[in-house]
2 protein chains.
Amino acid sequence: MDRERFIVIGGVAAGMSAASRARKLKPDMEILVFEKGGYVSYAGCGLPYLISDKVKSSDRLVVYDAKFFKEKRNIDVFLHHEVKRIFPRQKTVMIRNMATGEEKEYPYDKLLIATGARPFVPPIKGMDSAGVFTLRPLEDGIAIKEYIGRNSPKQGLLIGAGYIGMEMAESFTEAGLKVTLLEKMPSIVGTMDSEITEVIEQELSRNSVTVLKSKAVVEFASENSHLSRAILDSGESLNADIAVVGAGLRPNSEIAKDAGIELGKTGAIKVNQRMETNIPDIYAAGDCAEAYHLVLGRNVYIPLGTTANKQGRVAGENIAGGSASFPGIVGTAIFKVFDLEVGRTGITEKEARVEGIDYAANVVEHGSRAPYYPGVSKIRVKLVADRSMGRLLGAQMVGREGVSKRVDVFATAITAQMSVHEIRDLDLGYAPPFAPPYDPVLIAADELHKKLQGKG
Amino acid sequence: MDRERFIVIGGVAAGMSAASRARKLKPDMEILVFEKGGYVSYAGCGLPYLISDKVKSSDRLVVYDAKFFKEKRNIDVFLHHEVKRIFPRQKTVMIRNMATGEEKEYPYDKLLIATGARPFVPPIKGMDSAGVFTLRPLEDGIAIKEYIGRNSPKQGLLIGAGYIGMEMAESFTEAGLKVTLLEKMPSIVGTMDSEITEVIEQELSRNSVTVLKSKAVVEFASENSHLSRAILDSGESLNADIAVVGAGLRPNSEIAKDAGIELGKTGAIKVNQRMETNIPDIYAAGDCAEAYHLVLGRNVYIPLGTTANKQGRVAGENIAGGSASFPGIVGTAIFKVFDLEVGRTGITEKEARVEGIDYAANVVEHGSRAPYYPGVSKIRVKLVADRSMGRLLGAQMVGREGVSKRVDVFATAITAQMSVHEIRDLDLGYAPPFAPPYDPVLIAADELHKKLQGKG
C-alpha cells in the first residue's frame, strides 16, 4: 500500500465528519468508509418529522450520499459492509460484505471507530411482531412511515418517555394516531426535574396523549400477524396497532472491546480530548464513545448528534496530522413537543443530589417578550448553582417560544464557569417582540443569586 | 427631617428601579420621586407598537402607576415636577411644580439623577409644525397615535435610520402609511456593518419603504397649518403629512453639570461601577449616565432600557447601604424590522477599525433550523475577533428567526472573553425545529477561527 490509508467504521455523523475533515487536510490520503446500513451522512434526528410527514421524503434527510463522497471528496464509501473484527497488532480490519457474505481483510494506517449506538430493547415477548419498531437508522424511519401508509394504524404506543418518546408523541399525533406513552419510571423525561416535566405532561395531555408512568410492557400480542395489543406488567392490556420502543441507547462498543480497546465505566469507548483510544492509531468518535463532561469533570455517555459531529471533526483533523482537541460537553439538549420548546444544559437538581454537590436551586417564570407585546408567553426556568461560589451548574427551561437559544446562553455561561451573580449582569438583547427588559435568563440568575445570599 | 430621605430625579426605568430596590432593602427610608412628565415606569420601547396599534392602549405600556408606588411601595411620586437645580453643599434640590409654577427646596440624604435623555433635534425650519414629532416620553407616542387617528396621514416621513427609525418604518407601514426613511449618513443603521444593513435595506424595500441616504431635511412646510412637505438639503421636496425625527439621543446631564458633577467625554454623567458620581451621596443611572464598555475598556454613552434598569437597581441597592456594582455593557442591541430580527453585540468592524484594533472579520450564512425542517431560513452572521488571540470582539446577525437570543450567546461569550476557538466548541442545543447540528453560532466561530489560522 503506497498511500496512507484511513479507515472509518460507520458513516453517519462522526464518521463522515472525520472523513471529510481528513480529506480537506490531506488530499492524498486514501479514505475508506464502511457502513453497515444503506445510507451515510443522514440526519437521524429528523426521523420523527419524516414519520409525521412534515418532511415528505427520506431523501431530504440524506445530507450527502455515497456518490457525492466518491465524486466530490474522493472518499470510498462501502454501504452494507460490516466490520467483523479489528486486529490492532496487524493494523487490519476484517470486513464483511453483507450482500455477498464475502469477508476481506483491509490494512489501515489510521482507524476511526464511529459505530454509533443501538436502541436498548427491553425483554418483551413479541418484539418481532409486525408493527413493533425501534427508531435508529434511517431505514427504521422509512419502515415506520411505510407501515403507517399501508396499514393506517389508529392506536400508537410509545415505550419510553425520553426525547425520542416526546418527539414521537407529536409525530404520531400529527400522523393522525391516538397516542399512549408508557414510561417504566415514575416520571417522564428522566433527564429533567419535575418542575419542567409537569409542564410537559400538561402539554401532552392537552394534545390527548395518554401518559402511563411506572408501567412496562411484557408482551406484544398480534392478530392476523399484526400488533393488536400490549400487555403490561400490571396485567392490564392496551390496544395498539403500532409501537415504537425507545428505551434508551447502548454504544456499539463491542467490536472495540474485542480488539482490546479500553471502554469507560459507561460501557462506551474511552477517548481523550484528541479522540484517541488507548491503542495507537485507533480513534473513536460519536455515539459509540464517551465525552468529557465539563461540569461533572469526568467522562459520560450522552449520545447526541452535535457531539458526534464535533468529535468526528476533531478525530479527522488529528488523523490527518493536525492537533485538534474536543474540550467536552455540558449536557445541552433541546427538543420540541407540540407547542412547547424544552431544553436543558449542565446538570439537573436530581443529578446534583446524586453527585453529592452542595447546591441551591430555584424556579422562576417570566415572559418571553415584553408583557404588552402580542404573543408573549411564560418561560419557566430552573437553575442549579453550587452553594459556596454561586457557580451555575445547570439550567432547564420550558415554554412556548424563546427557550432553545436561551438554553444556549446558559450553556455558554456554564462553559465559562460563570456565577449566577455574573449572569444576572449580562448585557442581553432587549426589544419588545423578543424579550422583556429583564430577560428570563437574568431574572432566573438574579433570583437564585438572592436565594444564595439569603435575600430570596 | 427624621427619616433618611432618598430623592430620585426622573421616574422611568432607572429611577423607579432604584426607588423600588432601595425600598425593599430599607423599609423605613423616605423615598421621593420627581418626574417631569405625566407617567412613571412606562415602557418607552413599546411606543412604535402603540403607534402601529399592535398595543391597543397606552395603559398597557405603564408597568406601574404613581398610585401603585404610593400604596404598595410607600414611594411618593410627584408627576409634572421638574428639578431646577441641585445644591450639593446644602444637599437640597429645587423643585418646580409645573402645574402651579410653585418652586420648593427639598433636602436629601441621597440623590439619584435619572433624568434620562432627549431626542437630538437637528436645525430644521418648521420643527414646530403640526404633524412633526419626536418620540421619547409616553406622551409623544400617545400624541402620534392620536394625530394619525384624527388626521389619517397617508405619507409618513422618518428622519434618521437608527433603531427607532427601523421600528417606526414597520409601525407606520402597519398603521397604513406609505413610508419614506431619510438618513443623513451614507448608510442606514450606522451602528452596524454593511453586510448586515444591506439585508435590512432589502427588507425595507420589500415592504415598500423608500430609503433616501446622504440626505437631510432643512425645512418642514405646512398647508392649512399641517405638515405637507419636507424640503431637503438637495433642494428636493417630499410630500409628507406626518414626520418623526429620530436623530439620536442626548443625555439630560445639564442639571448635573450645573451642580459641579463631572461629565464624561461623551457628555453624559460619569459614574463608577457603584453608580456614584464624583460628589458624595449623588448617584446617576440610566440614559443620562455613561456605562463602562467591557470590550472597549472605557466609558461610553449607549442609552438603552436594559442598562437603565440594571444601573438603577445597583444605584438603589448602594443608596440603601448595600454594595452592588454594575460591571458594564458589551453593546448588545436587537430590533425587529418587518420580518427581520437584527442584533449586534460587542463592536462592529467599523468600530474596530476606528479603534485601531488589529482584527479579523468574517461573514457566514447558515440555516436557522435543520435544512429539511419546514420554515428554515438563512441567518447571516458577522464576527469580529482580535487577530492575535482570536478573542471575540463583536457579532452582528440578521435573519427571519432565531437571531435575538443567538446574539445573547455571543454577548455572553464576549463577556467571558472567549476566543472564537472556544466558541466553536460550545455545546449548544440541537433539535431540527430550532437549530441545525452545527448552529450558525458555531459555524461563524469556526470559519473565523480558520481564517485566523490561515486555513480559511
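Strand β25 (residues 392-399) of chain A is mostly covered, with 8 of its 8 residues buried. Buried means under 20% relative accessible area, exposed means over 50%, and partly exposed lies in between (1.4 Å probe, protein chains only). Strands (E, at least two residues) and helices (H or I, at least four) are DSSP runs, numbered from the N terminus.

This is a predicted model, in which local features need pLDDT of at least 70 and side-chain atom pairs count only at pLDDT 80 or more, while totals for chains, interfaces and linings use all residues. Residues are numbered from 1 along each chain as its sequence is written, chains are lettered from A and ligands numbered from 1 in the order in which they are written, and side-chain values use heavy atoms, with hydrogens and water left out.

**Strands of chain A**

Which strands pair with β25(A)? Strand β22 (residues 340-346) of chain A does, in the antiparallel sense, over 6 bridges. Strand β24 (residues 378-386) of chain A also runs antiparallel to β25(A), and 7 bridges join the two. Two strands count as paired if DSSP finds at least two bridges between them. Individual partners can be named. Arg344(A) has Gln396(A) of β25(A) as its bridge partner. Arg380(A) has Val398(A) of β25(A). Strands β24(A) and β25(A) form a hairpin with 5 residues between the strands. In that hairpin, Gly390(A) takes a positive phi near 75 degrees. Strands of a sheet pair through backbone hydrogen bonds, either parallel or antiparallel.

Another sheet of chain A is open and has 3 strands, in the order β13-β14-β15, with antiparallel pairing. Its edge strands are β13 (217-223) and β15 (237-239), and each pairs on one side only. Neighbouring strands of this sheet are turned by 30 degrees against each other on average, direction ignored. Strand β14 (residues 226-232) of chain A pairs with β15(A) over 3 bridges, in the antiparallel sense. Ile231(A) has Ser237(A) of β15(A) as its bridge partner.

**How the two chains relate**

A turn of 180 degrees and a shift of 0.0 Å along the axis lay chain B on chain A, with an RMSD of 0.0 Å. That is the relation of a two-fold axis. Val409(B) has the C-alpha nearest the axis in chain B, 2.3 Å from it. The same surface serves both copies, since 100% of the contact residues of chain B recur in chain A. Copies are superposed by least squares on the C-alpha atoms of residues with pLDDT of at least 70 in both. Contact means heavy atoms within 4.5 Å.

Helix α10 (residues 404-415) of chain A meets helix α10 (residues 404-415) of chain B: their axes come within 8 Å and cross at roughly 10 degrees. That makes α10(A) roughly parallel to α10(B), a label for angles under 35 degrees. Axes are lines fitted to C-alpha atoms, for helices over the stretch in contact, and angles run from 0 to 180 degrees between N-to-C directions. Residues making the contact include Lys405(A), Val409(A) and Thr412(A) of α10(A), and Lys405(B), Val409(B) and Thr412(B) of α10(B).

**Salt bridges**

How many salt bridges does a search of the whole structure find? The count is 77 over all chains. A salt bridge is a side-chain nitrogen of Lys or Arg within 4 Å of a carboxyl oxygen of Asp or Glu. Three pairs are tabulated.

| Pair | Closest N to O distance |
|---|---|
| Glu276(A) and Arg274(A) | 2.9 Å |
| Lys56(B) and Asp53(B) | 3.3 Å |
| Glu71(B) and Lys67(B) | 4.0 Å |

Glu276(A) is partly exposed at 24% relative accessibility. Arg274(A) is partly exposed at 26%. Lys56(B) is exposed, at 59%, and its partner Asp53(B) is partly exposed, at 32%. Glu71(B) is exposed at 54%, and Lys67(B) is exposed at 53%. Glu71(B) and Lys67(B) lie 4 residues apart in helix α3 (residues 66-73) of chain B, so about one helical turn separates them.

Salt bridges also link residues in a network: Arg313(A), Arg424(B), Asp425(B), Asp446(B), Glu447(B) and Lys450(B).

**A loop in chain B**

Where is Thr100(B) found? Thr100(B) sits in the loop between β5 (92-97) and β6 (103-107) of chain B. Thr100(B) counts as exposed, at 53% relative accessibility. Thr100(B) and Val407(B) are 307 residues apart in sequence and 48 Å apart in space, C-alpha to C-alpha.

Terms used:
Parallel < 35°, antiparallel > 145°, perpendicular 65-115°, else oblique.
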